[in-house]
Amino acid sequence: MRGSWQAFPPLFFSLLLLMLPLKDISTSPLSGRAQPTLVSGGSDNGHICLGCVLVVSVIEQLAMFHNCTAKEAIERLCNYLPEILNLQGVCYLVAELYGPELIKLLKYKMNADVVCHSIKLCKQNAGQPFCHLYPPPKMGLNKAVRKANRIVRTSKVLKNTADFSSICALPLLVKLCEKIKYIIQNKLPYEDFDGDKFSAFPTLRGYHWRGKDCNEGKAVVYPGRRPDNWDVERDSNCNGIWGVDPKDGIPYEKKFCKDAESKGIILLGDSAGAHFHIPPEWMTVAQMSLKSFSDLPVALTNELDWPHFSGTTGFLNSTIGGWTDSLYLRLRRRNRCNHRDFQNISKNGGSSKNLLDLMKSLARNQLLDNPAIVIYASIGNDVCNGRPDTVVHMTTPNQMHSNVMQTLQYLNSQLPKGSHVILTGLVDGRFLWDQLHSRYHPLGQLNKDITYEQVYSFLSCLQISPCNGWMSSNETLRNLTSERALQLSNVLKDIARSEMFANFDVFYMDFPLGKIADEWHKLGGESWQLIEPADGFHPSQITSALGARIIWQKALSEWPHVLGKENPFNSQIEDVFKDQGGH
């Protein structure tokens, strides 16, 4: 779904008390579209303000929960962070810059909104509203900020850091920023020594995103290709099957996979497909610990996405709640020859327009590779944006048709014959408001003071909302957004019904949110658990897993040829080559 949260470096570092903009490595939350005019003069400023308020809130709550001073709370927060990637050291560095003023202001019981406005990390432009997350103080927000300004007026620290505009200027982070900038721009593995678009490194668009490269020294060895000489001498397609059976002299690849209809799974999608997730433990002080931040380096180097747990390409046991089930795991279980043949070609903020550029990172050779099943799933961003006049900037049906047809024509030039494309309709996002608006956000659970309605309003005021159309108290606007989403889904349905391509057939399915909710209710769950708690927008781990099962069942009953037949040699493959895990 939406990627206002896509500009992950500013938000991520903000959560770590690194509340300075990362202009050098961040992308616009409306990547691929005309840029918005944002409160405070740009998207960076909105994210900085959000991050400041989040972090100050966490520090204030840590002090309250542990009955300690603000200084001790800051130290506690930094100590929670892992030392890898210098995260702990950078936290302490930024704490030295802002900590003294922060401690002063919290001593006077200033709330997070007042603190962040007074230290100039939240700004109010002329004619713009005073954005705030918490209810205004009794004296009023303006008066409280003026009082806070007097407290920090003579701060040498703030004067000296006023011109420090990029956290990437810190020597500790220069190399990491360069890596993240590369993957954001190219959506290709940072560590790919042979240039085949596959990697033996997990993050930075490595094998968490696409099958693991089993030979980084040869560009002709990678997941998804047809075997070279039946892999007598080496595993050319990285499915773990190679060599010759000494009993009969037949190559294992030929014996087990020749008639297996091998094919890979490729997702072309958005942040829902990439599986965007901010652990709620990062902002819930009662659950905060060293363990809760242990996945922080992985999250950072995966753009705050968790594709290795996703509903299309997930392959590792989930560490973020729920369980992992995916189309890839099911396709692999159906035919063990499909091992490692997956690609998650998704981006935070992916829409029908900017997926046209994202497709260039696809790795499929028409002549050398197996066919593939492509899941096209941009389920929200064509109607979601942070603009005040949000409806005007939604994708129109004509634009949707043009964008998707260009995508399919490109895929026809890249995919081997016998491939398949499944177009997924847009979600009905009214579900978000209906299930969450009156519930407490993780940040508000300690004091019972912050609901999702307040969070949605704050994001909208900052003009960094993932979706003004659905994350709104305006019922008429929510309905208009869903009407447009349905129109765009009908465009996809019409394309699947009327268009034909030389190298693949095309199918359509609605996004199965209703069926997912029904399944979850049968298991004793509640609807709100299907939404990511930290951002209040994305599908949760539970939704991803249940969605994979429902999509698989639909394909199995209506399009069984898409999945290929079950390989009768699966157990023998396991006996000879063991499981090797999902990657």
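Biologist: How many bridges join E4 to E5, and do they run parallel or antiparallel?

Modeller: Keep in mind that this is a predicted model. In general, strands of a sheet pair through backbone hydrogen bonds, either parallel or antiparallel. Here E4 and E5 run parallel, and the number of bridges that join them is 6.

Biologist: Thanks! What is the order of the strands in the open sheet?

Modeller: The sheet has 5 strands with parallel pairing, in the order E2-E1-E3-E4-E5. Its edge strands, each pairing on one side only, are E2 (342-346) and E5 (504-509). Neighbouring strands are turned against each other, direction ignored, by an average of 15°.

Biologist: Which residue of E5 is the bridge partner of His 420?

Modeller: Let's start from strand E4, which covers residues 419-424 and is joined to E3 by 4 parallel bridges. His 420 in E4 stands opposite Ile 373. In E5, the bridge partner of His 420 is Asp 505.

Biologist: Is E5 mostly covered or mostly open, and how many of its residues are buried?

Modeller: E5 is an edge strand, so you might look for what lies over it, given that an edge strand pairs on one side only. Helix H17 (residues 475-498) lies across E3, E4 and E5, and runs at about 145° to E5. E5 is mostly covered, and the buried count is 5 of its 6 residues.

Biologist: Let's move to a loop. Why does Thr 395 count as buried or exposed?

Modeller: Thr 395 sits in the loop between strand E3 (372-377) and helix H14 (397-414). Its side chain makes a polar contact with the side chain of Asp 382, at 2.7 Å. The cut-off for buried is under 20% relative accessible area. Thr 395 is therefore buried, because its relative accessible area is 9%.

Biologist: And what is the relative accessibility of Leu 443?

Modeller: You will find Leu 443 in the loop between helix H15 (430-436) and helix H16 (452-462). Leaving aside neighbours within four places in sequence, the contacts of Leu 443 include Leu 54, Val 58, Leu 133, Tyr 134 and Met 283. Leu 443 counts as buried, with a relative accessibility of 1%.

Biologist: One last thing: what separates the C-alpha atoms of Leu 443 and Pro 533?

Modeller: Along the chain, Leu 443 and Pro 533 are 90 residues apart. In the predicted model, the separation of their C-alpha atoms is 10.0 Å.

Methods. Residues numbered from 1 in each chain as written. Predicted model: local features only at pLDDT ≥ 70, side-chain atom pairs only at ≥ 80, totals over all residues. Heavy atoms only, no water. Helix = DSSP H or I, 4+ residues; strand = E, 2+ residues; numbered from the N terminus. Buried < 20%, exposed > 50% of the residue type's maximum accessible area, 1.4 Å probe, protein only. Polar contact = N/O pair within 3.5 Å; in protein donor to acceptor, adjacent residues only side chain to side chain. Contact = heavy atoms within 4.5 Å. Pairing = 2+ DSSP bridges. Axes fitted to C-alpha atoms, helices over the stretch in contact; angles between N-to-C directions.
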